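The following exercises are to be worked with the sequence and the structure at hand. Each task is followed by a solution in steps.

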Amino acid sequence: MALPLPMLAQQVQTGLQNGLMGFQTGVVGNPAAAGSGVGAGAQECNTSTACLEVAGRFKAAGDVGSAAEKYYQAIRLDPNCVQAHLNLGNIFLAAGDIQRSLDHFEKAYQLDPRNPEASCGLGGICRAQAQFETAIGWYRAAVRLGPNLETAAQNLALCLVSHGLQIKGHDPKAAIKCYHEALVHSPYNANAYYNLGVLYAELGKHDKALSNYNLTVHFDPRCAEAYNNMGVIYKEQENLDKALKCYLMALQCNPRFAQTLNNLGVAYTTIGRLTEALEYLSRAVTVAPTYAEAYNNLGWLFWDHGDLAQALRMYERCIELSPSSKNPSQNRLLALNYLPVVDPERVYQAHCAWAERFCLELGPAYTEWPVARTVNKRLRIAYISPDYFHHSVSFFCHALFQYHNRELFEVFLYSSAAREDDKTELFKSFVPESHWRKVTGRPAREVAEMIRADQIDILVELAGHTANNRLDVAALKPAPVQFTYIGYNNTTGLGAIDYRITDAVVDPPESSQHFSEELVRMPGVFLCYTPPASIPDVETLPALKTGYVTFGSFSCLAKVTDPCVALWARVLREVPNSCLLVKNKGFYSPDVQQTFINKFKAHGIAEHRLKLLALAPTSFDHLKIYNEVDIALDTFPYSNTTTSCETLLMGVPVVCLRGNTHGSRVGVTLLSAIGMQDFVADTEEEYVQKAQTAAGNLSALAQLRSRLRQVLLSSQLCDGPGFVRDKFEPAILDKWRLFCEGRAPSVQVFSGPNAPDPLAPGPFAPPLPPGVPLVQCNSTGPAASGPSAGTTVGAPQMLGLGNPVAVPMQTNAAQVQAQLQAASFGTALLGQAAQVVQQQPAAAACALANLAAVAGPLAQQQAAAVAHQAAVQQVVQQQQLLHHQTQAPQPMMVSSNEAASPLSSPNAHDHTMPRGFGNMGAGGLQQQQQHQVQLAQQQATMLNQLMMSPHGCHNLQGQPLCSSNLSMLPGMQMNRRRPRARPQNIAGRRI
C-alpha cells in the first residue's frame, strides 16, 4: 500500500519489530496482556489520561512500539478510551495493517459516533483500499462533525481528486464535480487544478484547461507536467512561441522530463530546426531508453534529414518497444516506398502483415449493411480524409467534391483534419451542412456506426498510410463498396478495401507489383489537379538573365536518395557552369545543409554550384521561387506528384525517370497527360541526356516556359468537370453495379490464428556497425556523444538567450523525500538533507516541510531549519536565473524569415506551418520567473515562522496525525497522482 508518509511508516514498522509485534496477537481481544511484552520504555500509569500523555512522548521520540503499549494500557484501564483506539488505528494504518487499524477505528466509532476523528479514520481505511466513494462519505461526515478539523477537509479533498481520476474515463462530468468539490475544501490544491486541466484538455475545452494549468503552477511552481501540457495545447493551437516557452519552463522544473524533451524535439522538427530537434529527442531516449514515442519521432526527424536507414531503425525500435502502436508501424510502411533498393514483394508482404495484425486488434468487420442493393438509385458516396485543408491531397480531391453529379450522387465528407482553414470552408460549401462530419479523434467503431447510420453505399478513403489516416474505420467495412485513392502510392494491405483507383501508365497491366485491392485503371491519367486560387506570374527564363542553367528540386530530402544525388551530380557535370537549387525545410539547419553539400562533393560537385533554400513565408512565395529555376529534376524511386504539378504550373519542365513501381511512375503519367513524354527517361543515361539537351537549347526552353502553364491548365490533368463526369463517376457506378449483381465485397483474409510478427517479413533497416549506438545524445551538436542513461543531462539553452544558463537538477518532492526517508530524525537528518539542498533546494524545502510534520520537537526544528535554508537558496537561484534572462542578448529563432508569419512548404506536404519566431524577448518567461521568486520567498517566510515556533510542526488541535491525514502547505503537495503527461507523437507524411 502506498502511504503518504513513508518515513512514518518506516518508523512504525521499526517500532513493531522492536516490541509491538510480540504482544499484538493477543492484545486486541485481551488488553490485559499488553503489559507483558514491552521492554525498557514501559512506565506504570494509574489512569488512562496518564497513559495517553506518556504514549504521546514515546511517539514524539520515535518509539512507536512503546507508544502503542501505553495506548493498550490506557484501554486496559479504561475500555471506553476513544483517544487510545484512535491513536492505535493511526499507528496500524501507517504500518499498513488495515485489519487491526479497522478494528480500532470501528471501536472508537462505536464508543463515540460523533467523534470526527473516528469518521476520518474510517475514511482513511477506505481510501487506503482505493474505495474512494465510501471514503468520501466518511470524510464528509467528519467535516460535518468537526468543521474545524482541517485534516478531515484536506483528506476529503485528496480523496475527491483520487475518485475523480478513478471515474473520469466513463463519467467526466462527475469527475469535474469531484475536483471542484475538492477545491472547496482545499483551495490551494494544485493536484485538483492539474487534473481539471487534464480533463478539460481531453474534452477539447482548451481555454479552461489552460486556466487550470496556470492555477496549478501558481500553487506548485515546480509542476513540470502542467507546463508541458500547456505547451501541448499551445502547439495544437499553432502558437509555437508559447509552446516552446512552456516546454522550456517544464525543463527548468525537471531537466530529465522525457515527455517534454520529446515535445521540444517535435516542435523543432516541425519548423525544420533539425539540429535542436535531434538534441532534444536524443536526450529523451537517453533519460528514458524505453520511451517508444520518442523513437517514432526520431524516425520522422531522420526522414526529414534524408537518412532513411536511420529512420527505419528508429521506427523498428519503436515497434519493438510498443508492438501495438499504430504510428510507427505505418510510418515504417511509408518509409519503405522511399528506399532506392528494396524488393517490392517484401514491401507488399509488410503491408499485408500489418493489415492482419491491425485487423485482429481492431475486431470483426461488418458483413451486412443497411443499404438497398439497387442499381438505378441515387448513390450515397462518402469521402474520409484528414487533409481537408491546404494540403497536397486537397488539390486532387477538390474536383470530386465540386463537380459530382448531384442527381446521381449524394456526397458526404468525413473529416479527421487536425486543423481547418479557408480550404476547409470551401469544401464544406460543396455539401449540405448535415453531410459534413467532423470525426477527428473519434473511435473507429463510433465513426463506422455513423457511416452506417448515414446509409453510405460507397466509401472512398483518401490517406492510406499517411498522417492522421482513418484506415481503422475502413478496416471495419462500414460500407459495402470501398475504394482507396490519392493519398498513398502503394497498397493499404487491407482486405476490407475493394478497389484502388489508378491508370494504365502508372500501373501497367504487365506490372509485377502486387496490391491487396483490385486495381481500377481509368482512361488517361488517374489524377485531377486543381491549382491554387492565387499564383504568381511566370517570368522569363532565368538562364537568359544569369548566363547559366539552374536545375531545381523542391522535394523532401527523404526522396533525394543517394542514387538520386549521384545522378543529379552527373547532370551538373555534363552541363558546365550549371547550378542546382534545392528547397526544403530541413535547410534551416546548418548541419543538414552541410550533410547535403558533402554528398555532392563526394561526386566532384563544388559547394558554390548548390543553392539551398529553406521554407518560404507563404504558398505564393513558394511558387514564386520557381521563377529562379530553368529545369526541374524529379526524384526516384519516389517521384513527385504535387511538386511536379506546381513545377509545370510555373512553366518549368520536369525530367523524370520511369521505374518499376507505382511510386516511381507517377511523374510519367503526369507528363504523359500533358503531352510531354519527351522529358521521360527510361534509363539513367537517358535522364542525363534529356536534361543536357534541354539545357543546351535555351531558345526552345524559353518558348516552352511561356506556354507550359496554359498547356497544363487545358490538359486532361486539370479538367475537373470532364474527369469526374467521364472517368471517376463511371468507374464508381460500374463497381456499384457489380455489387448489386452479386459480386461479394472483399474481406480481410488471415494467414493463421495468430497475429504476424510486428516486423514481418523481417527488419528492413540495415544493421549498424559493431559498437555504434542506436542513438547518440548530444549537447553541442549532432555528432557529439551523449551521456549514458544514468547520467545527468545538462540544462537546455533557454529560449531567447544567447548562452545556456545553468539550471540545477530538480526533482519533485516525493523523489527527494524518498532520498531522505532512510535517515532518522535528528542530527543525521541535517547531514543527509544538506547534500540534497545544495542540488535540489526547492524540492528539499517541500519534502522537509512535510517530513517535519511527523517528527519529534527537536527534529522538527532541525528539519525546519534546513528547509528554510533550502527555500532561501531557491530564491537566490531564481533571482540569478532571472537576471541572466533579462541581460542576455535575444537572437532570432528563424534564420531566413524575420517576420512571424505562417510558413509554407507545399512540397513538404504541410502547406501552413506553425508560426515562425520573431525576436521574442524574455518578457513571458520573466513574468513567470518573477512569480516563482515571489512564491519561493513566501515559502521561505512560512518556513522561517515554522522554525521559530517553540513547538515546531504540530498537528492541528494537538491530536495525533494519521499518516493519511497530513495537512500540506500551499504549493507543497506530496504523492501527486497525475495522468501521464501528454507527448506529441508524429504520425506520418504525405505524398
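**Exercise 1. The chain as a whole**

Task: State how much accessible surface the chain has and what share of that surface belongs to carbon and sulfur atoms.

Solution.
- Step 1. In this predicted model, the accessible surface of the chain comes to about 36700 Å².
- Step 2. Carbon and sulfur atoms account for 51% of that surface.
- Step 3. The chain has 991 residues, of which 60% count as buried.
- Step 4. Its secondary structure comprises 37 helices and 15 strands.
- Step 5. Consider the contacts between residues at least 6 apart in sequence: 73% of them join residues at least 24 apart.

**Exercise 2. The sheet of seven strands**

Task: Give the order of the strands in the open sheet of seven strands, and determine which strands stand at its edges.

Solution.
- Step 1. Read across the sheet, the order is S3-S2-S1-S4-S5-S6-S7, and the pairing is parallel.
- Step 2. The edge strands are S3 (436–438) and S7 (518–522). Each has a single partner strand, so one side of each lacks a neighbour in the sheet.
- Step 3. On average, neighbouring strands of this sheet are turned by 25° against each other, direction ignored.
- Step 4. One pair within the sheet may be examined in detail: S5 (residues 481–484) and S6 (residues 499–503) are joined in the parallel sense over two bridges. Thr484 has Arg500 of S6 as its bridge partner.

**Exercise 3. A residue of strand S4**

Task: Decide whether Glu461 is buried or exposed, and list the residues that it touches.

Solution.
- Step 1. Glu461 lies in strand S4 (residues 458–461).
- Step 2. A residue is buried if its relative accessible area is under 20%. The value for Glu461 is 2%, so Glu461 counts as buried.
- Step 3. Leaving aside residues up to four places away in sequence, Glu461 touches Ile384, Leu471, Phe483, Thr484, Tyr485 and Thr492.
- Step 4. Pro386 is 75 residues from Glu461 along the chain, yet the C-alpha atoms of the two are separated by 9.9 Å.

**Exercise 4. Helix H20 and its cover**

Task: Explain why helix H20 is described as largely enclosed, and identify elements that cover its buried residues.

Solution.
- Step 1. Helix H20 (residues 394–403) has 10 residues, and eight of these are buried; the helix is therefore largely enclosed by the rest of the structure.
- Step 2. The buried residues are Ser394, Phe395, Phe396, Cys397, His398, Ala399, Leu400 and Phe401.
- Step 3. Their cover includes two strands, S1 (379–385) and S2 (409–415), together with helices H21 (422–429), H28 (642–649) and H32 (720–740).

**Exercise 5. The sheet of six strands**

Task: Give the strand order of the open sheet of six strands, and follow its pairings and its buried residues.

Solution.
- Step 1. The order is S10-S9-S8-S11-S12-S13, with parallel pairing.
- Step 2. S10 (610–613) and S13 (680–681) are the edge strands; each has a single partner strand, so one side of each has no neighbour in the sheet.
- Step 3. Helix H26 (residues 590–601) packs on this sheet and touches S9 and S10. The direction of H26 makes about 155° with that of S10.
- Step 4. S8 (residues 550–553) and S9 pair in the parallel sense over four bridges, and Phe551 stands opposite Leu580 in S9.
- Step 5. In S9 (residues 579–583), five of five residues are buried. Cys579, Leu581 and Lys583 belong to one side, Leu580 and Val582 to the other.
- Step 6. S11 (residues 631–633) and S12 are parallel partners over two bridges; Ala632 stands opposite Val654 in S12.
- Step 7. S12 (residues 654–657) is likewise covered on both faces, with Val654 and Cys656 buried on one side and Val655 and Leu657 on the other.
- Step 8. Two bridges join S12 to S13, where Leu657 has Ala681 as its bridge partner.

**Exercise 6. Two helices in contact**

Task: Classify the packing of helices H25 and H30 by angle and by handedness.

Solution.
- Step 1. H25 (residues 562–574) and H30 (residues 684–695) pack at about 40°, and their axes are 9 Å apart.
- Step 2. This angle makes H25 oblique to H30.
- Step 3. The crossing of the two helices is right-handed.
- Step 4. H25 contributes Leu567, Trp568, Arg570, Val571 and Glu574 to the contact. H30 contributes Glu684, Glu685, Tyr687, Val688, Ala691 and Gln692.

How values were computed: Residues are numbered from 1 along each chain as its sequence is written. This is a predicted model: local features need pLDDT of at least 70, side-chain atom pairs count only at pLDDT 80 or more; totals for chains, interfaces and linings use all residues. Side-chain values use heavy atoms; hydrogens and water are left out. Two strands pair if DSSP finds at least two bridges between them. Axes are lines fitted to C-alpha atoms, for helices over the stretch in contact, and angles run from 0 to 180 degrees between N-to-C directions. Buried means under 20% relative accessible area, exposed over 50%, partly exposed in between (1.4 Å probe, protein chains only). Contact means heavy atoms within 4.5 Å. Accessible areas come from the Shrake-Rupley method with a 1.4 Å probe; for residues, only the protein chains shown count as cover. Angles under 35 degrees count as roughly parallel, over 145 as roughly antiparallel, 65 to 115 as roughly perpendicular and the rest as oblique. A crossing is left-handed if the near helix is turned anticlockwise from the far one by less than a right angle, and right-handed if clockwise.
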